[in-house]
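Colleague: I have some questions about how the labels on this model are earned. Shall we go through them one by one?

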Amino acid sequence: MDDINLHYRFLNWRRRIREIREVRAVRYQERYKRMLKNGDTLSYQGNSDEVGCYVAPRPLSKGNCYFEVTIMDTGVRGTIAVGLVPQHYKLDHQPGWLPHSIAYHADDGKLYNGNPVGQQFGPKCNRGDRIGCGIYADTSDAGLVTVFFTKNGKEVGSVVVPVAPDGLFPAIGMHSLGEEVRLDLQAEWGSEEEDSVMMVDSHEDEWARLYDVRVSGTLLEYVGKGKSIMDVGLAQARQPLTTRSHYFEVEIVDPGEKCYIALGLARRDYPKNRHPGWSRGSVAYHADDGKIFHGSGVGDQFGPRCFEGDIMGCGIMFPRDYVLDYEDEMDDWDAADVRPKQGRVENLLYLNDEDEEEGDDPEQEHEGRKVMVFFTRNGKIIGRREVVVPAGGFYPTIGMLSSGEKALHNASLTRLTLQCMFHLQRSPQLQTVYCETTCRGVCGMKIFNIGLQKNC
């Protein structure tokens with residue numbers, strides 16, 4: 001009899017373990033409706049009349065108290081919501097609409113706290129913006145917790161809310177065609193590493209044009225779709241290269257999927273969805289194939305390919321007597337004035353927009369002087385190309401085209417032996433280092449280096 005009882009107790013014990021495992025499997029399972037999930041990307045799949053909602057498999061906790069969403073596409077209306085909800089939240093409602101849920105909505109910047117009527121909370125969010133949501137775990141008390149929201153790494157605001165018995169689960173809502181986001185459930189905010197980065201001047205004001213490229217400290221990160229040649233991310237400097245500032249570098253921190261990173265020079269009104277070098281008035285060295293592109297979608301073999309950790313540089317060798325007619329006007333230029341010239345075809349669906357001016361040399365329309373543009377890889381010059389300076393000058397331009405690409409525009413000697421010429425201090429020591437680094441073994445010509453004439 002004792003053996004029989006022991007046997008039944010063993011069977012009950014096994015059944016109980018199996019039930020617990022099944023409950024846990026159901027509990028820690030992500031839920032979503034009217035959404036397509038591809039890796040960490042979520043896209044709306046409804047008809048714009050019905051809400052699509054995603055709920056993460058695990059709630060926020062002390063060990064994982066923050067997550068972020070990057071807006072890849074705002075779609076028709078940009079009705080994207082980011083927040084926290086109970087585990088069994090109804091998936092046909094936006095986060096924040098029902099009780100015990102809270103969310104920050106991108107389309108109107110309002111906070112919805114268990115109510116379909118929102119309160120003004122923060123700025124609206126657009127394509128490329130990062131919306132974060134987290135909890136201050138150390139403030140939990142008597143069933144309450146402080147929830148905070150961020151935009152592009154900066155806190156927007158916080159509110160105290162009650163905690164559901166099962167916890168608060170990360171949630172994303174969408175409500176119009178074309179909306180797409182990238183979800184990072186392991187994001188960190190307020191860490192020591194991020195603080196150290198933010199201590200460095202972000203230099204964001206140095207960039208006049210940023211399209212599908214996010215600036216974080218000295219880091220440039222591609223945030224576009226990366227699905228076609230029209231999804232180019234572009235970062236163009238506010239000021240052109242001059243006789244006082246004529247060289248810049250980037251370090252490939254992450255090559256992403258394809259390492260479609262290009263570094264070069266382009267005219268001020270360069271098309272935003274064209275890789276540097278593809279269209280007239282530009283020249284660029286491309287990391288993925290080592291080719292140089294000079295106003296054409298077809299490149300020429302130029303140098304080695306570049307990979308993670310490589311440092312790509314670009315500069316101009318100005319003749320000693322070179323005078324820039326636009327140098328005194330640089331400070332008066334406003335980024336808001338960047339627009340295509342009137343009278344030109346603005347359809348950029350074709351690979352070579354030079355076709356709109358058939359029979360003309362892309363450079364003949366400019367009366368600028370010819371200069372020698374050079375490119376470097378890891379501090380060594382790999383080649384030169386003689387080009388005509390377009391009207392208004394050549395602006396440092398960086399292009400990206402595949403997911404995950406990150407590059408560091410160097411503004412600190414702690415990362416490189418050569419400092420970016422945008423932020424080069426006027427010290428004789430640095431001037432000498434720069435001149436020797438860029439000119440050794442290249443040519444015998446004289447250059448004008450930051451007010452310092454030196455024979456190479």
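Colleague: What makes β6 and β13 a pair, and in which sense do they run?

Modeller: This is a predicted model, so every value here is computed from it. Strand β6, residues 81-85, and β13 share 5 bridges. Pairing takes at least two bridges. So β6 and β13 count as paired. The sense is antiparallel. One bridge sets Gly-83 against Ala-171 in β13.

Colleague: How many bridges join β4 to β13?

Modeller: There are 4 bridges between β4, residues 52-55, and β13. These two strands also run antiparallel. Here Tyr-54 stands opposite Ile-172 of β13.

Colleague: Why is β13 called mostly covered?

Modeller: Count its residues. In β13, residues 169-174, 6 of 6 are buried. Buried means under 20% relative accessible area. Phe-169, Ala-171 and Gly-173 point one way, while Pro-170, Ile-172 and Met-174 point the other way. Both groups are buried.

Colleague: What makes β15 and β23 edge strands?

Modeller: Start with the order of the open sheet of 7 strands: β15-β18-β27-β20-β21-β22-β23, paired antiparallel. β15 (207-211) and β23 (300-301) each have a single partner strand, so one side of each has no neighbour in the sheet.

Colleague: How do you know that β22 pairs with β23?

Modeller: The two strands share 2 bridges, in the antiparallel sense. The cut-off is at least two, so the pair counts. In one bridge, Lys-291 of β22 partners Gln-301 of β23.

Colleague: Why does Cys-306 have no bond to Cys-259?

Modeller: Look at the sulfurs. The closest cysteine sulfur to that of Cys-306 belongs to Cys-259, 7.2 Å away. A disulfide needs the sulfurs within 2.5 Å, so this pair is too far apart for a bond. The structure holds 0 disulfides.

Colleague: Is Cys-306 buried or exposed, and how do you know?

Modeller: Its relative accessible area is 2%. The limit for buried is under 20%, so Cys-306 is buried.

Colleague: Then why is Cys-65 called partly exposed?

Modeller: Cys-65 has 28% relative accessibility. Partly exposed lies between the 20% and 50% limits, so the label fits Cys-65.

Colleague: Where does pLDDT stay under 50?

Modeller: One stretch is residues 327-366, with 62 contacts beyond four places in sequence. Another is residues 411-456, with 97 such contacts. Where pLDDT is low, predicted coordinates should not be read in detail. For the chain, the mean pLDDT is 76, and 71% of residues reach 70 or more.

Definitions and conventions: Residues numbered from 1 in each chain as written. Predicted model: local features only at pLDDT ≥ 70, side-chain atom pairs only at ≥ 80, totals over all residues. Heavy atoms only, no water. Buried < 20%, exposed > 50% of the residue type's maximum accessible area, 1.4 Å probe, protein only. pLDDT = per-residue confidence, 0-100. Contact = heavy atoms within 4.5 Å.
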